[in-house]
Amino acid sequence: MERVIGIDLGTTNSCVAVLENGAPAVIPNRGGYKTTPSMVAITEAGKKLVGHIAKRQAITNAENTVFAAKRLIGRKFSSPQVKNAIATSAYRIVEGPHGDVRISLRNKTYGVAEISAMILQEMKVIAEDYLGAPVSKAVITVPAYFNDNQRQATKDAGAIAGLDVIRIINEPTAAALAYGFGKDLERTVAVYDLGGGTFDISVLEIGAHGVFRVIATAGDTFLGGEDFDARVIDWLVEGFQQEHNIDLRQDRMALQRLKDAAEKAKCELSATRETEINLPFIISSGRNEALHLQRVISREVLDSLCSDLVERTVDICRQTLQDAQLGKEEIEDVVLVGGMTRMPRIIEQVAEFFGREPCKGVHPDEVVALGAAIQGAALMDQKTEMVLLDVTPHTLGIMTFGSNFRGLIPQNTTVPTSRSEIFTTSRDNQTAVKILVMQGEHDKAEENELLGEFVLTGLRKAAKGQVEIEVTFEINADGIVSVSAKDMETGQKQAIQVTASSGLTKDELHNMIEAAQGEMLERRASEEDEASKQEAQRLIAEIERLFPQVEQIVASSDFGRDATEKARGILQRARDAVARGDAAGIKEHLEALGRTARMFRGVVQKTS
Amino acid sequence: MTIPSSDQVPRWVAGRDVPGLPTGAFERMVLDAIDGQRSIAAIADLVGLGAEDVAQMIGALTAGGAITIDPRPGPAPRPFTSPTAPTAPVTVGGSDAFDPSLDIAAPLQARILELFDAIDTLDHYALLGVPRDADRKAIKSAYYGFAAKFHTDRHFGKNLGPLKSKMEVIFGRATVAHDVLSRKEQRAEYDRYLSERDRTRAYEELLSAVDEGRELFPTPPPRVATPLPSAGRLPVAQAVQPDSGPMKVAPVNPARITADFERPVERPLPASVLDERTRKEALARRLGAGRQRSVSGTTIPGAPSLTPPRKTSVEEGKAAADAIKRLYEDRRDNARKAQAQRMLEAGEAALAKEDVVGAANHYRLAVQYTDDPAVHSKFKQISQKAREVLFDAYMKQARYEESQAKWKEAAASYAKAHEAHPDDADIAASVAQALRKEGRDLHRAARFGELAVQKNPNSSGFRVTLGAVYLDAGLFLRAKTELEVALRLSPEDAKIKELLVHVRKALA
């Protein structure tokens, strides 16, 4: 049966896992690391870099290195979060043709989904190399608080990467799956997930029959490790400004170095009480004099810089429990997910809020990918007794008169579900009504996310409020939303399947998928070329090493001299092909090289 | 010719030819409606005739031999359910039969279809398959079991065909059931609704029994010298009045009352199990052994085999039997008096608690045991009151259902209220309105609408309701007539004008 991989597409790091012999396992990348930085860069030569190699060159190529693309995915260019990102990012964020977000790298614009696709493709390759077989199906995780547009954009990214995304699941839910899978537990668990870019809190009940039921979920899609880093950067920049009266933000390279240093210091402070930030030659003063940045930061300073951020997460936890009508005492375990939960201050605050020490059994960086792999396996193979009952993270509804928002399916409703409500016309002699399908928690429609719209026509002309229209919302287990509107008198009905918009049109998506496929083929081909080249070089070296010995052994016979002459010719042609970088030529000579090497080995073995 | 009662179900006799039957226009309509599931009342509703007429007709048709009447309807009829939706046992078949092309096992397919068809009639407890007093844990466990079976993810990537959306509906309902039942306040509110509904059902059964003169709890015929109340009777009294402990009043445990009313109808009386002689002998032995108190009824059938009969002479036996019979009759009379007294006290107690259901129940039992005219007249009085309470309950229920947009249920409740007050035009109009909203049986809606107009021809509101029904049914001419009269009655009403414009347009 085909394997399904689970991918945790994180803001700063991504991770891929698969279920092997009934147990989920993380797949290490080529460098042996279990997580891969979610970074993409384009080099001066136009080469695409993903992961660790992209991260390593980020300082020298800051403007063409994308980090934290997840913060932009599925968002509108006009949203405050994007404005915020523009101010803090070294790479160029531009407006797309549909009010969406695009990223400009080396004079080429990419959709955010395209950038994410490069990371997903990397994860796919890591899995394929490990499994030794092509992989086409994946479960990808997203923050629980992602709206449908962000989820759709993530799905699109999967499609561009050549993956059939069989399900998008929420990160904290995935973490809970990994936490409870195969353990036959019955308990209520809170998952506190503070990652690089987003914060989520989910409360789940793990019960009999392998059921994982999400009770409530909430979060903030713009609150994460990056914000903690930003606080440290601000602190460093301000200190530098006071000392030298120079704004380090003006220099993109300096900013990138500051970013790295801030993140590193933050991580170190999880283990030590204080650490030194040392950035020599950070900038040059106006008088041609190099300036250095050197400061000591203590855990207390970091805590005070970020105390309001931590407080915000606790407030969201409090609100979530309240909405779910759950008492803290009903939470039987707390699972910490995301790199940020290594911060001692956060562990303390969470322990204090829930009144219990968080569970230590899960790896915060890997648990989400493991859960995704579990869900993938459970969907494909129904012998795995597990079923996930997820909820809608946001209220779904329509816009009503006065651009008010009327929710039909409240947040935290278990899916699949359907709800109906009867609405009336708002104007006299109104013959058509436009149904705007929205998602969000605000009473004002414009504050919420628009998912789709359609028009119901042919209404009876009547005074306002006289014509009754029944609107029905349906969400299936795949999270697909269908909305229908029915004129109660004429029975006239209109329905749409709401396809959330990732900001890309069908054509754009199609082109991106094709382009990515082409690149993938190229990449696979070039990898193959590289492999043959290495093989050729290895054989050439071996033959060269054995040559004098063989020459001596066979010198006595004509046949032998003939053979060594031939070998010399093959060697020469192969060397030339390698030197030219002629992939086809190398492949052509591989067999001859192999034969020669075998013969040489044979000769040497027989006579020694 | 025997005339069947309206709750009986006529069905076709296999192999009989239809042409042999009388085939007038009405007969044909009735014949078409016979499907082996619809009761006579349901058929009457379908073809728009009175139930008596249909019963008469079917009685005549059975003489032809092509139709047979089931001795009694299969399951006890649920009085609450609307007659338009006959409560025949859920059938799996027809167009929805097992589809071998789907990747889903036959038994599960059957279960899904069964649940889907019954989904509107199952209450939250029944859907999850838990008792009404199930605790949160049991409810959760039932729901999880349900999810493990019916969640579409358990069949991911499989060809589920039309079953997929059905499973989603079923699972959605189970989720609602779980969510309601696991929240204290919501469950309490739902239980109140259910108990109100059960109460009306119980009442309905009681009153219809009284109306039809059916003896739910027959007094033992004097000739049958059954020494002990048989299993068919006593448990009823016991259930209503436990030997110990405080009185159970209806609202406390509504399910119990319902069950007590329904059970006796179905349960066969074991009177003929033993011949009289064996019984007398058994009785003699038992009384002789001084075991008068062991009135547990259920031990009778087993008794003879437990103790082998003793040989006695004929005279000896006869004299002993007569003496025992007298003794028994005295005892029985005393027991009946005591029973009546206890029932009356229980009835009074229930009345004091304003539990008319409980009171009527006890009085009904009391009149079985006494000839006291005062008790009988009090019973009539309480029954009347019960009818009023029932009426109120139905109205309350109807309004709740209306507020929940459960039009089918609202229509049924209003229709019941209408039965209690057939002259109330408002209620008739409410039935019409609810039926119109339900939109399934506009003919019936029209009948109620017409009735309301007939009772009060000068109400423009009733005429608008009727007009709207006609409009929905596509009877534009009739709609026009009604709406024009309505407009004459209230010339200023904008809504009527709007509707008329619409009607005229439709006509043009």
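Helices (H or I, at least four residues) and strands (E, at least two) are DSSP runs, numbered from the N terminus. This is a predicted model in which local features need pLDDT of at least 70, side-chain atom pairs count only at pLDDT 80 or more, and totals for chains, interfaces and linings use all residues, while side-chain values use heavy atoms and leave out hydrogens and water. Residues are numbered from 1 along each chain as its sequence is written, with chains lettered from A and ligands numbered from 1 in the order in which they are written.

**View 1. The contact between chain A and chain B.** Chain A brings 34 residues to the contact and chain B brings 28 residues (contact: heavy atoms within 4.5 Å). About 2800 Å² is buried between the two chains (accessible area, 1.4 Å probe, lost on being put together and summed over both). Carbon and sulfur atoms give 52% of that area. On the chain A side, the most area is lost to chain B by Q382(A), P416(A) and R460(A). Together these residues make up 21% of what that side buries.

**View 2. Charged and polar links across the interface.** Chain A and chain B share 3 salt bridges (a side-chain nitrogen of Lys or Arg within 4 Å of a carboxyl oxygen of Asp or Glu). One of them joins the side chains of E468(A) and K437(B), at 3.1 Å from N to O. The chains also have 5 residue pairs in polar contact, both residues at pLDDT 80 or more. A polar contact is a pair of N or O atoms within 3.5 Å; within protein, one must be able to donate a hydrogen and the other to accept it, and residues adjacent in sequence count only if both atoms are side-chain atoms.

Four elements of chain A each supply at least two residues of the side that touches chain B: β12 (164-170), β15 (211-220), α10 (367-380) and β19 (387-389). By type, that side of chain A holds 15 nonpolar, 10 polar and 9 charged residues. Asp, Glu, Lys and Arg count as charged; Ala, Val, Leu, Ile, Met, Phe, Trp, Tyr, Cys and Pro as nonpolar; the others, Gly among them, as polar.

**View 3. The cis bond before P416(A).** V415(A) and P416(A) are joined by a cis peptide bond, with omega about 0°. P416(A) sits in the loop between β21 (404-409) and β22 (417-424) of chain A. P416(A) is also among the chain A residues that lose the most area to chain B.

**View 4. Positive phi at R106(A) and Q325(A).** Most residues other than glycine have a negative phi. R106(A) is not a glycine, yet its phi is positive, about 45°. R106(A) falls in the loop between β9 (101-105) and β10 (108-111) of chain A. Its relative accessibility is 33%, so R106(A) counts as partly exposed (buried is under 20% relative accessible area, exposed over 50%, partly exposed in between; 1.4 Å probe, protein chains only). Q325(A) has a positive phi too, near 55°. Its place is the loop between α8 (299-323) and β18 (333-337) of chain A. Q325(A) has 53% relative accessibility and therefore counts as exposed.

**View 5. Q349(A) in helix α9.** Q349(A) belongs to helix α9 (residues 344-354) of chain A. Its relative accessibility is 10%, so Q349(A) counts as buried. Leaving aside residues up to four places away in sequence, Q349(A) touches V310(A), E311(A) and V314(A). With E311(A), the side chains make a polar contact at 3.5 Å.
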